[in-house]
Amino acid sequence: MRKLATLVALTAASPAFAASGPFFSLTNTNFIVTMAFILFIAVLFYFKVPSMLGGMLDKRSEGIQSELDEARALREEAQTLLASYERKHKEVQEQADRIVEHAKSEAANAAELAKQDLQESIARRLAAAGDQIASAQAGAVKEVRDQAIAVAISAANTVISKQMTAAQGNKLIDEAIAEVDAKLH
């Protein structure tokens with residue numbers, strides 16, 4: 001039916017009907033052209049050109065359909081990969097957030113530990129400074145005593161030398177020697 005409709009459409013639309021004179025004559029060029037055209041169409045149908053063209057179009061259609069199916073499969077695979085990468089990205093982001101939180105807590109712990117170490121260091125230095133102050137104070141007290149003793153001895157020496165005579169001095173020396181001799185033996 002399709003072939004017949006094509007043939008009717010081709011013959012009805014031919015310019016042969018526009019010519020003047022008897023149509024079915026070999027002198028009518030329009031008739032000759034129409035006959036040649038019909039013969040050409042018949043040869044095409046005899047060699048099955050429309051079916052070959054249809055077959056090629058069908059093959060092309062099947063090729064396009066297989067490409068569309070492949071493209072659809074690739075799209076689905078790409079969507080699967082995209083979803084997988086989005087999940088991985090989300091997991092990596094969560095892991096990064098956990099790492100940041102852990103780093104913040106570690107930094108806070110380190111800061112607290114450093115603060116405690118600093119307080120302990122300050123306490124040790126204050127204790128060392130207190131020890132140094134006590135030592136310096138004890139040294140100063142000793143030095144003041146030593147000087148007080150030296151001044152007292154010097155004053156006593158001056159007082160004794162003014163009040164004592166040579167005979168008294170010799171007597172004191174002899175008593176000191178006797179006392180030392182008694183203590184040593």
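**Exercise 1. Work out how Asp 69 and Arg 72 are paired, and where the two residues sit.**

Step 1: check the contact. Asp 69 makes a salt bridge with Arg 72, with 3.0 Å between the closest N and O atoms. The rule here asks for a side-chain nitrogen of Lys or Arg within 4 Å of a carboxyl oxygen of Asp or Glu.

Step 2: place the pair. Both Asp 69 and Arg 72 belong to helix α3 (residues 49-163), and they sit 3 residues apart, about one turn of the helix. Helices here are DSSP runs (H or I, at least four residues), strands are runs of E (at least two), and numbering starts at the N terminus.

Step 3: look at the exposure. Asp 69 is partly exposed at 37% relative accessibility, and Arg 72 is partly exposed too, at 43%. The cut-offs are: buried under 20% relative accessible area, exposed over 50%, partly exposed in between (1.4 Å probe, protein chains only).

A quick note on the ground rules: this is a predicted model, so local features need pLDDT of at least 70 and side-chain atom pairs pLDDT 80 or more, while totals for chains, interfaces and linings use all residues. Residues are numbered from 1 along each chain as its sequence is written, and side-chain values use heavy atoms, leaving out hydrogens and water.

**Exercise 2. Find how Lys 142 and Asp 146 are spaced in helix α3, and say how exposed each one is.**

Step 1: the side chains of Lys 142 and Asp 146 form a salt bridge, 3.6 Å from N to O.

Step 2: Lys 142 and Asp 146 are about one helical turn apart, because 4 residues separate them in helix α3.

Step 3: Lys 142 is exposed, with a relative accessible area of 53%, whereas Asp 146 is partly exposed at 40%.

**Exercise 3. Do the same for Glu 179 and Lys 183 in helix α4.**

Step 1: a salt bridge joins the side chains of Glu 179 and Lys 183, at 3.4 Å from N to O.

Step 2: helix α4 covers residues 166-184, and the 4-residue spacing there puts Glu 179 and Lys 183 about one helical turn apart.

Step 3: Glu 179 is partly exposed at 46% relative accessibility, while Lys 183 is exposed at 64%.

**Exercise 4. Zoom out: how many salt bridges, helices and strands are there?**

Step 1: the salt-bridge count comes to 3.

Step 2: the protein chain has 4 helices and 0 strands, which reads as α-α-α-α along the sequence.

Step 3: of its 185 residues, 6% count as buried.
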